[in-house]
Amino acid sequence: MLHEFSDNFNSVESLVISPNGKILICGNYDGTIKLWSLETLKPLHTFQDGSSSVLGLALSRDSKTLASSNEDSTVHIWQIK
């Protein structure tokens, strides 16, 4: 084990790690998507994806585009800077 996250991870429904291994992206029960630095172990950004759980995440190979799917059958496309 490299690190154990305990705070703010009680509602995670989906996860993806960037191809370069530097960013962890969590889709949460509350409809948020949180980006975490795996280098500093600190939060980078939070997206509000809607009012239903984020059940799926997919990240492009260049880590610039994120797709998320919600429990209410909505799919969102996000640009990551």
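This passage walks through the fold, the surface and charges, the salt bridge and one strand residue of a predicted model.

Starting with the overall fold, the protein chain turns out to have zero helices and seven strands. Read from the N terminus, the elements simply go β-β-β-β-β-β-β. The radius of gyration is 12 Å, close to the 12 Å that the globule rule gives for 81 residues, so the chain is as compact as a globular protein of that length. Laid along its principal axes, the C-alpha trace covers about 35 × 30 × 20 Å.

What about the inside and the contacts? Of the 81 residues in the protein chain, 36% are buried. Looking at contacts with a separation of 6 or more, 27% of them link residues that sit 24 or more positions apart.

On the outside, the accessible surface of the protein chain adds up to about 5300 Å², and carbon and sulfur atoms hold 50% of that area. The protein chain also carries 6 positive and 9 negative charges, and the mean positions of these two groups lie 14 Å apart.

Now for the pairing of charges. In general, side chains of opposite charge can pair when their charged atoms come close. The structure has one salt bridge. Its partners are Lys 22 and Glu 39, with the closest N and O atoms 3.9 Å apart, and the cut-off for a salt bridge is within 4 Å. Lys 22 is found in the loop between β1 (12-17) and β2 (23-28), while Glu 39 is in the loop between β3 (32-37) and β4 (43-48), so the pair ties together parts that are 17 residues apart in sequence. How open to the outside are the two partners? Lys 22 is partly exposed, at a relative accessible area of 39%, whereas Glu 39 counts as exposed, at 59%.

The last stop is Ile 77, which is part of strand β7 (residues 75-79). Is Ile 77 buried or exposed? With a relative accessible area of 61%, Ile 77 is exposed, because anything over 50% falls in that class. Even so, Ile 77 has partners elsewhere in the chain: setting aside its neighbours within four places in sequence, Ile 77 is in contact with Thr 65, Leu 66 and Ala 67. As for Ala 58, that residue is 19 residues away from Ile 77 along the chain, and the C-alpha atoms of the two are separated by 9.6 Å.

Terms used: Residues numbered from 1 in each chain as written. Predicted model: local features only at pLDDT ≥ 70, side-chain atom pairs only at ≥ 80, totals over all residues. Heavy atoms only, no water. Salt bridge = Lys/Arg side-chain N within 4 Å of Asp/Glu carboxyl O. Helix = DSSP H or I, 4+ residues; strand = E, 2+ residues; numbered from the N terminus. Buried < 20%, exposed > 50% of the residue type's maximum accessible area, 1.4 Å probe, protein only. Rg over C-alpha atoms; globule rule 2.2 N^0.38 Å. Contact = heavy atoms within 4.5 Å. Areas by Shrake-Rupley, 256 points an atom, 1.4 Å probe, with all protein chains shown as cover. Lys, Arg positive; Asp, Glu negative; His and termini not counted. Charge placed at Lys NZ, Arg CZ, Asp CG, Glu CD.
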